[in-house]
Amino acid sequence: MPVVDPDFFAPPPFKALDALQRVKRDLRELGLQERDGRFEKRGQAIAKVADDTLVTLKLSIVKQPSRSPEWVHYSAANSADVRRFIDHVKQQLARWSTEE
């Protein structure tokens, strides 16, 4: 029976700076404009992204768009966390657009 390398199924290492650029690009593709480290839609803040450390990202989304928003914060330490955050932003944008 062959010996399987334990790192064979290990995911690639998370590169926070690359992921930060990918998140910014994905948010712009959703129609958000970047201004002062925040992503806005029609002048109202929707999301914030920053590199917390070299191994994690600090991601935030508003509970509801408003002039003085209340933020919900997330931390992303792998690509799955980043995808979940982008999916959450997509869902919130869709929900908010139907409420208008």
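**Reading strands and rings**

Me: In β5, which residue is the bridge partner of Ser-60?

Reply: The bridge partner of Ser-60 in β5 is His-73. The model is predicted: local features need pLDDT of at least 70, side-chain atom pairs count only at pLDDT 80 or more, and totals for chains, interfaces and linings use all residues. Residues are numbered from 1 along each chain as its sequence is written, and side-chain values use heavy atoms, with hydrogens and water left out.

Me: How many bridges join β4 to β5, and in which sense do they run?

Reply: Strands pair if DSSP finds at least two bridges between them; strands (E, at least two residues) and helices (H or I, at least four) are DSSP runs numbered from the N terminus. Here β4 and β5 run antiparallel and are joined by six bridges.

Me: What does β4 pair with besides β5, and which residue stands opposite Ser-60 there?

Reply: β4 also pairs with strand β3 (residues 44-51), in the antiparallel sense over five bridges. Lys-48 stands opposite Ser-60, and Val-49 has Leu-59 as its bridge partner in β4. Five residues lie between β3 and β4, which form a hairpin. Leu-54 is found in that loop.

Me: Is Leu-54 buried or exposed, and how enclosed is β4?

Reply: Buried means under 20% relative accessible area, exposed over 50%, and partly exposed in between (1.4 Å probe, protein chains only). Leu-54 has 64%, so it is exposed. In strand β4 (residues 57-62), five of the six residues are buried, so the strand is largely enclosed by the rest of the structure.

Me: What does β3 pair with, apart from β4?

Reply: Strand β2 (residues 38-41) pairs with β3 in the antiparallel sense over four bridges. Lys-41 has Gln-44 in β3 as its bridge partner. The hairpin of β2 and β3 has two residues between the strands, and in it Arg-42 takes a positive phi near 55°.

Me: How is a pair of aromatic rings described, and how many does this structure hold?

Reply: Such a pair is described by the distance of the centres and the angle of the planes. Rings of Phe, Tyr and Trp (its six-membered ring) pair with centres within 6.5 Å; planes under 30 degrees apart count as stacked, over 60 as edge-to-face, and the rest as tilted. The structure holds one aromatic pair. Tyr-74 and Phe-85 have ring centres 5.9 Å apart and planes at 65°, so the pair is edge-to-face. It links distant parts of the chain, 11 residues apart: Tyr-74 is in strand β5 (residues 71-76) and Phe-85 in helix α2 (residues 79-99). Tyr-74 is partly exposed at 35% relative accessible area, whereas Phe-85, at 3%, is buried.
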